[in-house]
Amino acid sequence: MAEHDRRALGRRLTELQVHGVVDPAVPGNPGRRGGAGPSDHRALSIDGTTVMVPVYNAVAGTSPYRLDTAAGGGLEVSGPAAAMALAVEAPPEPRFYGLTTAEGIPYRSIALLHGRDVLATTLLQTCIRFRDRTQSCQFCAIEQSLEDGRTLVRKTPAQVAEVAEAAVRLDGVRQLVLTTGTPNSDDRGARLMAETAAAVKARVNLPIQAQCEPPDDPAWYRRMKDAGVDSLGMHLEVVEEEVRRRILPGKSELGLERYMEAFTEAVAVFGRGQVSTYLLAGLGDSAASLIAVSERLIALGVYPFVVPFVPIAGTPLEAHPAPSTDFMVAVYTAVGDRLRASDLRSEAMAAGCAKCGACSALSLFEAGPEPVTP
């Protein structure tokens with residue numbers, strides 16, 4: 001795809017991600033509501049690029065865009081943006097969803113398909129901060145799926161390894177993302193990551209990203225790496241101090257500089273381009289702040305995965321507006337230019353959200369700028 005075509009597609013996909021899509025019953029993997037992210041989305045393949053599009057939250061319910069069954073039997077998106085004639089497919093519901101463990105636990109209660117070929121699981125479906133909304137991350141819905149009986153409070157390494165093997169064998173899954181709520185321990189979940197990665201790698205050769213808060217002891221980076229974790233995500237979410245205190249009242253006790261120190265330590269173990277962080281655009285950070293922090297991260301060898309904030313039903317921010325398309329495209333363009341100049345590419349990451357890219361259009365902006373017409 002030509003560079004200008006990639007950025008044009010990136011803008012159109014951004015438009016769908018910030019507005020969501022009204023989604024009547026159409027075939028394919030329906031996605032899910034609540035729980036650890038991405039939530040209230042479903043995966044759609046649009047012009048060959050898989051993207052997570054909000055369909056279940058309040059924003060999507062009033063969207064000017066609609067997903068329907070086309071006259072020829074496929075899917076189509078209709079809406080006000082120019083040239084919205086997009087080739088749309090929905091990944092099928094994976095075959096491993098129909099299986100259960102010997103104890104009768106549905107595989108889909110242990111891990112879920114994200115995007116088209118990413119298996120993801122939240123190892124610990126609770127967090128030390130979640131029950132106190134004065135301390136919890138205000139966008140978080142980690143325990144919703146637990147309360148609804150759709151998942152387990154704690155997935156064992158053996159359970160995750162069993163599901164991972166089946167997902168690779170039956171559905172061609174290409175990577176695994178391990179996330180966790182933060183436990184009451186100074187390793188911040190790194191021990192869970194290491195134990196689970198070792199169990200998975202003993203059963204199937206699948207690239208793994210682990211996601212947790214920075215552990216107090218940097219020795220955990222080497223322990224996770226040696227156990228089979230290929231890449232690491234430690235998520236800032238927001239960057240300006242006032243925004244961090246408001247959106248992440250408990251987590252913000254780990255300040256920006258502490259994260260930068262942790263990133264440096266992690267890159268020394270996992271390597272340049274194998275450490276990433278989420279930046280949620282639209283929660284109050286200015287474009288200048290997001291771009292400036294992205295520059296610092298890129299200089300450290302960390303991939304800044306910029307994602308438009310999508311409100312989740314049932315959270316304190318469920319009515320918070322999504323960022324505008326213009327805001328996202330401006331940030332994507334600036335960060336994409338810096339990634340390209342530093343030769344830091346999402347496709348070079350072994351595993352993880354940035355490798356998948358379905359929650360963001362940033363990878364489409366890593367290409368060069370549109371040519372100037374004389």
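**Reading loops, salt bridges and strands**

Q: Where along the chain is Asp 343 found?
A: Asp 343 sits in the loop between helix 10 and helix 11 (353-356), where helices (H or I, at least four residues) and strands (E, at least two) are DSSP runs, numbered from the N terminus. The model is a predicted one, in which local features need pLDDT of at least 70, side-chain atom pairs count only at pLDDT 80 or more, and totals for chains, interfaces and linings use all residues. Residues are numbered from 1 along each chain as its sequence is written, and side-chain values use heavy atoms, with hydrogens and water left out.

Q: Why is Asp 343 called exposed?
A: The relative accessibility of Asp 343 is 53%, and the scale takes under 20% relative accessible area as buried, over 50% as exposed and what lies in between as partly exposed (1.4 Å probe, protein chains only); Asp 343 therefore counts as exposed.

Q: What makes the backbone of Asp 343 notable?
A: Asp 343 has a positive phi of about 55° although it is not a glycine, whereas most residues other than glycine have a negative phi.

Q: How do you know that Arg 188 is buried, and what is its phi?
A: Arg 188 has a relative accessible area of 17%, so it counts as buried. Its phi is positive, at about 60°, although Arg 188 is not a glycine.

Q: Why is the contact of Arg 188 and Asp 216 called a salt bridge?
A: The rule asks for a side-chain nitrogen of Lys or Arg within 4 Å of a carboxyl oxygen of Asp or Glu, and the side chains of Arg 188 and Asp 216 meet at 3.6 Å, N to O. This pair links distant parts of the chain, 28 residues apart: Arg 188 is in the loop between strand 8 (175-179) and helix 5 (190-203), and Asp 216 is in the loop between strand 9 (208-211) and helix 6 (219-227). Asp 216, with a relative accessible area of 45%, is partly exposed.

Q: What makes Arg 340 and Asp 337 a salt bridge, and where do they lie?
A: Their side chains meet at 3.2 Å, N to O, in a salt bridge. Both residues lie in helix 10 (residues 325-341), three residues apart, about one turn of the helix. Arg 340 is partly exposed at 25% relative accessible area, and Asp 337 is partly exposed at 26%. Elsewhere, salt bridges that share partners join Arg 129, Arg 188, Glu 213 and Asp 216 into one network, and by the same rule the count comes to 21 salt bridges.

Q: How do you know that strand 3 and strand 4 pair?
A: Two strands pair if DSSP finds at least two bridges between them, and strand 3 (residues 66-69) and strand 4 (residues 75-78) have four, in the antiparallel sense. Leu 67 has Val 77 of strand 4 as its bridge partner. The hairpin has five residues between these strands, and in it Gly 73 takes a positive phi near 105°.

Q: What makes strand 6 and strand 12 edge strands?
A: In the open sheet of seven strands, with the order 6-7-8-9-10-11-12 and mixed pairing, strand 6 and strand 12 (302-308) each pair on one side only, and they are the edge strands. The twist averages 30° from one strand to the next, with angles running from 0 to 180 degrees between N-to-C directions of axes fitted to C-alpha atoms, for helices over the stretch in contact. Within this order, two bridges join strand 10 (residues 231-233) to strand 11 (residues 275-281), which run parallel.
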